[in-house]
Amino acid sequence: MKGLFISIEGGDGAGKTTQIAALQQWLTSVGREVVVTREPGGTELGVAIREALLHSGEVSPRAEALLYAADRAHHVASLVRPALDRGAVVISDRYLDSSVAYQGAARSLGKEEVRQLSLWATDGLVPQLTVLLDVPVAVGASRVGGERDRIESAGLEFHEAVRAEFLQLAAAEPERWVVVDGTLPIDEVTARVREAVRARLLDADGVATEVDTLP
Ligand code: TYD
């Protein structure tokens, strides 16, 4: 079986964690090796970078972009590519499109520059499928519990820019992206995400596998 790289994107509070858990369970039940990971913080180095980015005081915008890219570079080299090479399905909670939306668009660092930075960092690794869980900013904000990290505290306008950019990225590359309305009931979101993944699995393997017949 060939590896499949899936990223899940969306604003804070879009429901990514819940949906990733459901997807992992389903893929495991159909016999796939599933690696669930996240950015920032999918590796030991990444955990340190995540802490520096989110909970350690001021980070200037270009440093922020470089730190996310550094996390991604190490994540891809040490975890994502080896798993794909083994034939696993890798599900990443956020990937390079988060940098384009947050740093490129919302922080105004330049979408194309930030994208190129990540492409360099990852030696060009782009997911076969990116799912956008789209929710209005106010809905996402109301779901984020507890203390807000540095990015979550960035304000309404910032998060509106992030959402708009995700939608634009999805519209520009429809063959890679699937947009799911994250305000739908959880089970409905799960079903739509599963359909998108099922189609890619069939594409990737080139033959109908048991996923074809599963509920
Ligand atoms: P996330 O792990 O989704 O946050 P949480 O665990 O609190 O749900 O992501 C952490 C924050 O980092 C989130 O606010 C989005 C931001 N982020 C960027 O700004 N750029 C990036 O490239 C990535 C991957 C995340």
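Which element gives the largest share of the shell around the ligand? In this predicted model, the answer is helix H4, which supplies four residues. The shell as a whole holds 17 residues, and the closest to the ligand are Arg50, Tyr68, Arg94, Ser99 and Gln103. By residue class, nine members of the shell are charged, five are nonpolar and three are polar.

The ligand occupies the largest pocket of the model. Two or more residues of the shell come from each of helix H2 (44-55), helix H3 (61-86) and helix H4 (96-106).

Three side chains place an N or O atom at a short listed distance from the ligand. For tyrosine 68, an N or O atom of the side chain is 2.8 Å from a ligand oxygen. For aspartate 12, the separation between a side-chain N or O atom and an oxygen atom of the ligand is 3.0 Å. Glutamate 152 has a polar side-chain atom that lies 3.0 Å from an oxygen of the ligand. On its own the ligand has 550 Å² of accessible area, and the protein covers 88% of this.Tyrosine 68, one of the closest residues to the ligand, belongs to helix H3. The relative accessible area of tyrosine 68 is 10%, so the residue counts as buried, the cut-off for that class being under 20%. Between the C-alpha atoms of tyrosine 68 and leucine 117 the distance is 10.0 Å, and the two residues are 49 positions apart in sequence.

Helix H3 also contains glutamate 64. Glutamate 64 is buried because its relative accessibility is 0%, and the limit for a buried residue is 20%. Ten residues separate glutamate 64 from leucine 54 in the sequence, and their C-alpha atoms are 9.8 Å apart in space.

A further buried acidic residue, glutamate 39, has a relative accessible area of 4%. Glutamate 39 is located in the loop between E2 and H2. The side chain of glutamate 39 forms a polar contact of 2.9 Å with the side chain of histidine 75. The peptide bond that leads from glutamate 39 to proline 40 is cis, and its omega is near -10°. Proline 40 lies in the loop that runs between strand E2 (34-38) and H2.

Positive phi values occur at serine 108 and at aspartate 123. Serine 108, which is not a glycine, has a phi of about 60°. The position of serine 108 is in the loop between H4 and helix H5 (111-122). With 61% relative accessibility, serine 108 is classed as exposed, since the threshold for that class is over 50%. In aspartate 123, also a residue other than glycine, phi is near 55°. Aspartate 123 is part of the loop between H5 and E4, and the relative accessibility of aspartate 123 is 67%, so this residue counts as exposed.

The strand that follows this loop, E4 (residues 129-134), includes threonine 130. Threonine 130 has 0% relative accessibility and therefore counts as buried. A polar contact of 2.9 Å joins the side chain of threonine 130 to the side chain of serine 7.

Phenylalanine 166 is a residue of helix H7 (residues 156-172). The relative accessibility of phenylalanine 166 is 1%, which means that the residue is classed as buried. Phenylalanine 166 and alanine 105 are 61 residues apart along the chain, and the distance between their C-alpha atoms is 9.5 Å.

In outline, the ligand lies in the largest pocket, with helices H2, H3 and H4 each giving two or more residues to the shell around the ligand. Away from the ligand, the local features described include the cis peptide bond between glutamate 39 and proline 40, the positive phi of serine 108 and the positive phi of aspartate 123.

Technical notes:
Residues numbered from 1 in each chain as written. Predicted model: local features only at pLDDT ≥ 70, side-chain atom pairs only at ≥ 80, totals over all residues. Heavy atoms only, no water. Near = heavy atom within 4 Å. Polar contact = N/O pair within 3.5 Å; in protein donor to acceptor, adjacent residues only side chain to side chain. Areas by Shrake-Rupley, 256 points an atom, 1.4 Å probe, with all protein chains shown as cover. 1 Å grid on protein atoms, 1.4 Å probe; cavity = no way out; pocket = protein on both sides within 12 Å on 5 of 7 lines; lining within 4 Å. Sits in = over half its atoms within 2 Å of the grid points. Nonpolar A, V, L, I, M, F, W, Y, C, P; charged D, E, K, R; others polar. Buried < 20%, exposed > 50% of the residue type's maximum accessible area, 1.4 Å probe, protein only.
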